[in-house]
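Q: I have this one open for the first time. Can you take me through it?
A: Sure, here it is.

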Amino acid sequence: MKFAPKSLGEFLRHDFDEILDVRSPSEFSEDSIPGSINLPVLDDNERSLVGWTYKNVSRFKAQKMGAALVARNIAGHLENHLAHADGSYKPLVYCWRGGQRSGALATVLAQVGWNSTVLCGGYRTYRRLVVDFLYGRPLESEFILLDGNTGTSKTELLRLLSEHDVQTLDLERLANHRGSLFGARAGGQPSQKSFESMLASQLLLLDPTAPVVVEAESSRIGGLSIPPSLWTAMQSAARIEIEAPLKERARCLVRSFPDIVEDSARLKEILGKMRKLHSGKTVDHWFNLYDNGRYEAFAKELITNHYDPRYARQRSRDEIGPVEKFTLSSTSADGLEAAAPDLARTIRAVPSATRAPRKESATPLRQATP
């Protein structure tokens with residue numbers, strides 16, 4: 001059987017028991033259909049060897065070698081991952097183009113008696129649908145930006161809002177980055193394609209009749225770009241600006257970046273790069289505060305002399321000011337818990353009329369990676 005979806009929504013509505021990606025591990029790690037399981041019929045080394053044989057020896061020998069490797073790998077999957085599947089098992093199988101690799105596994109599964117289906121066009125079909133969704137058309141949902149200077153606990157508040165019946169989209173979690181100079185996280189960032197797959201699946205789950213709260217970001221989070229459909233919606237979104245006392249913001253910064261505080265070598269490497277932006281005397285002063293364990297004073301200096309001026313310059317270029325200001329008295333866990341219900345009420349009170357008409361995206365479709 002063949003599956004030929006016309007939209008990404010069809011992937012969410014599918015009734016397959018599992019989605020099996022038979023591509024090599026490196027192909028799968030770059031991007032995959034969310035929720036799919038990697039059962040490669042050729043691993044990276046095997047795929048390379050078959051390709052080399054095809055180019056340098058003969059097509060026939062490459063095909064024979066590939067058939068033996070594929071058969072052996074499929075047998076392993078039958079004896080392991082698929083060993084406990086019952087007779088009603090109904091998988092969707094895909095490879096790069098929906099050709100030989102997916103066809104090989106689907107044929108064997110059908111011979112076993114399972115109702116296997118091949119994705120027409122393979123991963124490339126899925127990727128075209130993602131690109132069309134994120135680059136080719138406006139999003140249905142309206143967004144509200146949770147804005148505010150560094151240390152105002154925007155990320156923590158965003159996560160608390162989801163507990164108060166507010167739709168949220170956590171871009172920093174999807175990008176595995178905290179969106180600042182010190183924002184790198186363990187494990188590194190996903191590929192741009194993988195980020196877009198996760199983002200598209202999250203957007204499709206949203207209720208388009210209710211606003212979505214997202215943290216204000218630049219057009220890039222670490223090394224990843226926000227796709228144009230979302231970036232255009234964010235540029236025209238209403239804003240709620242979070243404010244907090246400087247002392248509380250410094251405490252938030254120290255609490256939010258324990259990995260940086262504890263890793264002196266990493267912190268000093270980052271600070272060293274800031275000599276391009278600040279005088280040597282200023283950076284040396286920051287080093288001194290850190291070396292003496294004065295972490296909150298160090299955070300205050302970064303906020304006052306680095307982050308706040310950068311935010312101010314950015315906002316001076318914005319055409320839309322904040323719709324509402326929301327003041328925190330404390331950035332502690334208890335303070336944020338207490339503030340979250342009030343912030344949720346503020347968000348629900350933002351009228352749709354305050355949201356500006358959307359601008360056309362400056363990023364054309366052709367810039368997406370196919």
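Q: Is Arg101 buried or exposed?
A: Arg101 is buried, with a relative accessible area of 14%. Buried means under 20% relative accessible area, exposed over 50%, and partly exposed in between, using a 1.4 Å probe and protein chains only.

Q: What kind of model is this?
A: This is a predicted model, where local features need pLDDT of at least 70, side-chain atom pairs count only at pLDDT 80 or more, and totals for chains, interfaces and linings use all residues. Residues are numbered from 1 along each chain as its sequence is written, and side-chain values use heavy atoms, with hydrogens and water left out.

Q: Back to Arg101. Which side chain does it meet in a salt bridge?
A: That of Glu27, at 2.9 Å, N to O. A salt bridge here is a side-chain nitrogen of Lys or Arg within 4 Å of a carboxyl oxygen of Asp or Glu.

Q: Where do the two sit in the chain?
A: Arg101 is in helix α5 and Glu27 is in helix α2 (residues 25-30), so the pair links distant parts of the chain, 74 residues apart. Helices (H or I, at least four residues) and strands (E, at least two) are DSSP runs, numbered from the N terminus.

Q: And Glu27, buried or exposed?
A: Glu27 is buried, at a relative accessible area of 10%. Glu27 and Arg101 also belong to a network of salt bridges with Arg47.

Q: What does α5 lie across?
A: Helix α5 (residues 100-112) lies across β2 (18-21), β4 (91-94) and β5, and runs at about 155° to β4. Angles run from 0 to 180 degrees between N-to-C directions, with axes as lines fitted to C-alpha atoms, for helices over the stretch in contact (heavy atoms within 4.5 Å).

Q: What's the strand order in the open sheet?
A: The five strands go β1-β5-β4-β2-β3, with parallel pairing. The edge strands are β1 (2-3) and β3 (37-38), each pairing on one side only. Two strands pair if DSSP finds at least two bridges between them.

Q: How many bridges join β1 and β5?
A: Two, in the parallel sense, with β5 covering residues 117-119. Phe3 has Leu119 in β5 as its bridge partner.

Q: Switching back, how many salt bridges are there?
A: The count comes to 17. One of the salt bridges joins the side chains of Asp15 and Lys90, at 3.1 Å, N to O. Asp15 is in the loop between α1 (9-12) and β2, Lys90 in the loop between α4 (59-79) and β4, 75 residues apart.

Q: Is Lys90 buried or exposed?
A: Lys90 counts as partly exposed, at 22% relative accessibility.
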